[in-house]
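Look at the sequence and the model below before reading on. The text then takes up two parts in turn.

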Amino acid sequence: MKIYNSLSRQLEDFVPLNPEQVSIYSCGPTVYDYIHMGNARTALVTDIVRRYLVYRGYKVKLVQNLTDIDDKIINRAAELGVSAKQLAHQNGEAFFEDSQRLGIHCADVHPKATEHIPEMISLIQTLIDKGAAYVIDGSVYYRVNQFAEYGKLSGRKPEDLLAGARVEVDERKEDPRDFDMWKAAKPGEPAWESPWGKGRPGWHIECSAMAMKHLGETIDIHAGGEDLLFPHHENEIAQSELATGRTFARYWMHIAFLKIDGRRMGKSEHNFILLRDALDHYPTEVIRHFLISAHYRHPLDYNPESLAKSEGALRRLNNCLDALKKYEGGKDGVPSSNLDRETLPLQEAIQTMKSRFVEAMDTDFNTAQALGAIFTLVGEVNRSLATFDGAAAPVFARAYQVLTETCGVLGIYDMDAEDDNNVEQRDQLIALLLDVRQEARSRKDWDTSDKIRDRLKELNIEIQDTRDGATWKIIS
RNA sequence: GGUGGCGUAGCCAAGUGGUAAGGCCAGAGUCUGCAAAACUCUUAUUCGUCGGUUCGAUUCCGACCGCCACCUCCA
């Protein structure tokens, strides 16, 4: 299994530090607003990485933080006339709600910055003791020139960082590259006690402290949006590695931006689509399919056309799976050797699909390629479904199992879609109507027949007349 | 100015030093009382442009053109 490591800028074999448990830290959102589709992409990729590792037999511990104190939160709270704490809490809850609606499983730990102040203070103190930080007017700065490897993640040299930089240089800092780990409190701001006076943590220190607390000094995979590569992740490395003398994260994964109209979807651009709004318009699986239709390191453009394409693709997948479902768990009846020979191509297609899926996902989680494998099998199954009818049930059952298993890793098939108490009665009523309609049809009473079809359609139930009689499905 | 990335059919998107997965759309067909839906089939001699290396390049190298991102908060 290979992962592209941003640190080495190449594909590397994935070998977890502890074979018993893979540790993953994912940079979560700053909760001053609802999350948008770009945030969703990162969260979804992390979710699928985790699901796939589990599928491959690993145990995984995933930690995803929430930044619940920073300038944006303070400013937004002031605008709204609520406390920063309250605003962060509300948006934190909304974040969990939205994530869940996208089918993202909860992380094992969702640490919050404000609940780890002691750990951060301790880490900062360690760095001060090592001469890697200094205090000015109650704020603590990291001394970048103490860390020889600074810039190793982003490939930036000290001179690069100065020339043409758009940073407003704080004259008090020893070096323009130095960054704050602890911010002295301004009047009226939320603040915590510290050895350097009242204040609050800087952005980068929280991830260092929380990742190390929950996953140890060295973690396997650290993931986040590509915008975090510099300075956020670079600074996390500087803080953590200087403090512990150990490698902070072994594999760095950076998820490319979601774009809209060809430009980055971002909060500062005010061009974002909220995840919850998208979820109001499209099913979970459609949005997931869209977000994984391109490889995670490639930009993806959000637009209604692309979502419509995913809807079409999902329809194709669901039709196939629905047709296959009736063979689910079919007893392993031994097909006649004759049939066995005839279904050999399908049996091989199933095996091929599974190995192609694994190969694709093994190569840096290539979801686009994995989808290709899945849809290739869908075509094979559809052809076989027409050819073999029900006689090849065991093979169809196998196809169903493999397809649901792989689609389950990607989260693009909702097996329990209609798991509802009223379903049975509804089904019986519709069956009754179809019965009546069939009688009308045999009398060539097309008026009655069509009336039943049309009226059901008004109720979003669509009839399809097939060779084996009428079937129906719910449309939206 | 520095750093990184991208440019594959009408659209989206994989991929490989040996001749282009998959999806959407479109066209044709099957089915049907008519439909709808579904399914099947068809759709890039070609991978931004120009050079180079090679028996052979879309894939490697160079130049150029176009687009994007990071260097300030943003996943």
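The paragraphs below treat a sheet and then a helix. The model is a predicted one.

Begin with the sheet. It is open and has four strands, which follow the order 4-3-9-10 and pair in parallel. Strand 4 (60-64) and strand 10 (249-255) are its edges, since each of these pairs on one side only. From one strand to the next, the twist averages 20°.

Now take one pair of neighbours within this sheet. Strand 3 covers residues 22-26, and five bridges join it to strand 4 in the parallel sense. Within this pairing, Ser 26 stands opposite Gln 64 of strand 4. A helix also meets the sheet: helix 6, made of residues 203-215, lies across strand 3, strand 4 and strand 9 (219-225). The direction of helix 6 is at about 155° to strand 3.

Next, move along the chain to helix 14. This helix runs from residue 393 to residue 410 and has 18 residues. From its first C-alpha to its last it reaches 26 Å, close to the 26 Å expected at 1.5 Å a residue.

Which residues in helix 14 are buried? They are Val 395, Phe 396, Ala 397, Ala 399, Tyr 400, Val 402, Leu 403, Thr 404, Thr 406, Cys 407, Val 409 and Leu 410. Buried here means under 20% relative accessible area.

What covers these buried residues of helix 14? The cover includes helix 1 (37-55), helix 9 (284-291) and helix 10 (304-325), together with helix 12 (344-362) and helix 13 (367-388). After helix 14 comes Gly 411, with a positive phi near 70°.

Terms used:
Residues numbered from 1 in each chain as written. Chains lettered and ligands numbered in written order. Predicted model: local features only at pLDDT ≥ 70, side-chain atom pairs only at ≥ 80, totals over all residues. Heavy atoms only, no water. Helix = DSSP H or I, 4+ residues; strand = E, 2+ residues; numbered from the N terminus. Expected span 1.5 Å × (residues − 1). Buried < 20%, exposed > 50% of the residue type's maximum accessible area, 1.4 Å probe, protein only. Contact = heavy atoms within 4.5 Å. Pairing = 2+ DSSP bridges. Axes fitted to C-alpha atoms, helices over the stretch in contact; angles between N-to-C directions.
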